[in-house]
Amino acid sequence: MKHPDPIPSEASIFLEVSWDNGAARLPLHSSITLFLLSYTECTSFHVYLVSDHADSLQALSNMVPKSLDVSEVKRGEVPALVGACRLPAVLDAGGGFCRAGLAVVLRHIIQRTCQLEPGRTDVASLLGFKNTCLKACAEVSQWTRLCELGIPSAVEEHLRSPTEKHLQLPAAILHLEQRLGEPVRVHNDDKIRRQKLQQQKNKSSAQSEDPNPDKREKTFPSEPETQGPSAEAHSAEPYRGVELSAALAKLSVDAAPLSSARERSDIRKVKTTELPELEHVFAEGLYFTLTDVVLLPCIHQYLSSLQQHAPHALTFLPLLLRWFQRVQELPGVCRAAEDCGMALFSPQVSGSCSHQPKSPQTSEAEQEKSRPSQEHFVGGPRPTLSKLQENGIEAVFSPHPCPSWTLHWESLPAAVNPTEGKMSDTRAVRKRQQLNNLVAMVTELARPGNTIVDFCSGGGHVGIVLAHTLPECQVILIENKEESLVRAKDRSSQLGLKNIGFIQANLDYFTGAFQIGVALHACGVATDMVLDRCVQARAGFVISPCCYGFIQNTLKFSFPRSKKFAETLTYKEHMILCRFADQTAVQLPPERRLIGKRCMGLVDLDRGWAAETHGYSVRVMTMEPESCSPKNNMLVGVPADNGKIQL
């Protein structure tokens, strides 16, 4: 058995292996990753199966594509950056750049394949229009959260006890079934919808002229013939219009493309609002994308279980069954499924069912969906401010630290300067002033050997300065935008920094230990996510919040955060504070900016009090000079039981 080198010489993928009752199994996120590697025929990664037991590879040999270079490794022996993340994860050659989380890893596999094989348009198309498929992180996108987390989690839970709740369909599965029934919106859909209308009129005309309608062909003459193992199952499917033709034309150069001829005049005159809606062919609409790749291993295992334990429940998922059959029409899917030990099948639906599925409990995702994301407010913040004042709650700002706190930028290497991030000179001056404040406070808290995490790091302005000025500390930059993190890595390479690492991931995928968390202008609830992660790790924090107007209740957080604020203000009243906290721009009248600053202070006071209930000592202070940013608050906190740090 091979183990990863301390500094990997090739890009590596690390996948979780679970053991239940002495048997090895692949969690769905691992199965999905292997399925995509097979579908794309990507062999440029070394795959490591991570487990606490030996012989995982031998036990799972039929589920691992034979074309891959695969080893197994003990959990405690993985590289440090990988060990700090939830799997799956990809570690670049050299070991300094890690990508973690299902969507991030899958998108990277596709991008890597296309870099090595530019002609693989079939692989590139998996990322969808504008390459945005599953790009929005699960923390902000309900759709990504459903596909990346909701459905895999629901299926995993079902598989643990397939017979106990077989009549209660998971909310995530029902949500997907509902989405498959919604009208499709795609780029340039007006043209396709007009072709659909023309096909409908042609079909209607043919039916009225055909004296033997029962012997009429059920598929449109111009539609490409169905290929693959499910052709027989589809031969009895009713007429399928232009949607499937468009989908197959996109997937194969051999498929008959949609007609490019100009529509008839009567079709052209139909208003857009009166055109027929397009129906789903695949999960996101007409085209086969990464979402379908994610869903197939999940739905395959779920339907297999239902077929065995509760076949009558399949009658409540007609759209999901149709989707499951259609993805099997793609030769690449069938090959990859066989390669990964997935025996695709055609579910047999019972003719009738005397039971109705139990109504599932409303999931957290559904609760968030039903909650209004933004509320419309009438009036100003004064009633709310007066209410807080009457209850003895006022914004309090701690004094700024010692006078000798600025960095000597002139003596620092050029790559440390934020101008390397391609910004204007004026903005670079303000950015340096902001960095002065954060670095001063982190330096006050840091001790040799500490790990400092720069959350929402962007291009690395904070993390790079910290790594350079605190060489005895390890600095990790976490950011979900690959382009920004790559720029930060390039800058650190110019400096030759050895105490810095990079993780492209959502915050939830970082699970490592650290002593100080820092974030410059973490937008909206990102500030609360960073605070929460620091509290979980019992780490100190230095955070500059931003975009208060984007604050709202989420799956994890409800506002107000602290007990005293919650006893005083309603959610709506707290949101008034958040909306007016954003009114601090320099072009606004001074009185209005003062009210905005007061609201900022109160929102951050609520955050500080919430942290204090977890045993933290927290200060809210203003950056110097105040003109460095309209969002110039800093939250500085340490665990009260940390004897080395005194605030």
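How many aromatic pairs does the count come to in this predicted model? The count comes to 10 aromatic pairs, and a few of them appear in the views below.

**Figure 1. Phe455, Phe514 and Phe510 meet through their rings.**
Let's start with the pair formed by Phe455 and Phe514: their ring centres are 5.6 Å apart and their planes stand at 70°, so the pair is edge-to-face. Phe455 belongs to strand β8, while Phe514 sits in the loop between β10 and β11 (516-523), so the pair ties together parts that are 59 residues apart in sequence. Phe514 also pairs with Phe510, this time in a tilted arrangement, with 5.9 Å from centre to centre and 50° between the planes. None of these rings is left out in the open: Phe455 is buried at a relative accessible area of 0%, Phe514 is buried at 2%, and Phe510 is buried at 2% as well.

**Figure 2. Trp323 sits in the largest nonpolar core.**
This core has 76 residues, and the members that touch the most others are Ile151, Leu290, Ile299 and Trp323. Helix α12 (residues 290-309) supplies the largest share of the core, 10 residues. Zoom in on Trp323 and, leaving aside neighbours within four places in sequence, you will find it in contact with Leu180, Val281, Phe282, Ala283, Asp292, Leu295, Leu296 and Ile299. Another core lies apart from this one; it has 63 residues, including Ala89, Cys534, Cys578 and Tyr616. Phe282, one of the contacts of Trp323, also joins Tyr39 and Phe288 in a cluster linked by ring pairs.

**Figure 3. Ser305 of helix α12 reaches His158.**
Ser305 is found in helix α12 and is buried, with a relative accessible area of 7%. The side chains of Ser305 and His158 are joined by a polar contact of 2.7 Å. Beyond the neighbours within four places in sequence, Ser305 is in contact with His158, Leu159, Pro162 and Ala310.

**Figure 4. Helices α1 and α4, side by side in this legend.**
Helix α1 (residues 28-40) has 13 residues and spans 18 Å from its first C-alpha to its last, close to the 18 Å expected. It is mostly covered, with 13 of its 13 residues buried. Right after α1 comes Glu41, whose phi is positive, near 55°. Helix α4 (residues 102-116) has 15 residues and reaches 21 Å between its first and last C-alpha, close to the 21 Å expected. Its buried residues are Leu102, Ala103, Val104, Val105, Leu106, Arg107, His108, Ile109, Ile110 and Thr113.

**Figure 5. Backbone details worth a second look: cis bonds and positive phi angles.**
Most peptide bonds are trans, and most residues other than glycine have a negative phi. Against that background, a cis peptide bond joins Leu87 and Pro88, with omega about 10°. Pro88 lies in the loop between α3 (80-83) and β6 (89-91). A cis peptide bond also joins Glu624 and Pro625, with omega about -10°, and Pro625 is placed in the loop between β13 (616-622) and β14 (633-639).
Turning to phi, Asn131 is not a glycine, yet its phi is positive at about 55°. Asn131 lies in the loop between α5 (121-124) and α6 (142-160) and is partly exposed, at 41% relative accessible area. Arg538 has a positive phi near 55° too. Its place is the loop between α20 (526-537) and β12 (540-546), and it counts as partly exposed at 36% relative accessibility.

**Figure 6. Lys498 on its loop.**
Lys498 lies in the loop between α19 (482-495) and β10 (500-504), where it counts as exposed at 78% relative accessibility. Lys498 and Val475 are 23 residues apart in sequence, and their C-alpha atoms are 9.6 Å apart in space.

**Figure 7. Confidence along the chain.**
The mean pLDDT of the chain is 83, and 77% of its residues reach 70 or more. Confidence is highest in strand β8 (residues 451-455), at a mean of 97, and lowest in helix α9 (residues 231-234), at 36. The pLDDT is below 50 over residues 253-258, a stretch with 12 contacts in the model beyond near neighbours in sequence. Residues 643-647 also have a pLDDT below 50, and this stretch likewise has 12 contacts beyond near neighbours in sequence. Where pLDDT is low, the predicted coordinates should not be read in detail.

Terms used:
Residues numbered from 1 in each chain as written. Predicted model: local features only at pLDDT ≥ 70, side-chain atom pairs only at ≥ 80, totals over all residues. Heavy atoms only, no water. Helix = DSSP H or I, 4+ residues; strand = E, 2+ residues; numbered from the N terminus. Expected span 1.5 Å × (residues − 1). Buried < 20%, exposed > 50% of the residue type's maximum accessible area, 1.4 Å probe, protein only. Core = buried A, V, L, I, M, F, W, Y, C linked by side-chain atoms within 4.5 Å. Contact = heavy atoms within 4.5 Å. pLDDT = per-residue confidence, 0-100. Polar contact = N/O pair within 3.5 Å; in protein donor to acceptor, adjacent residues only side chain to side chain. Phe/Tyr/Trp six-rings, centres within 6.5 Å; stacked < 30°, edge-to-face > 60°.
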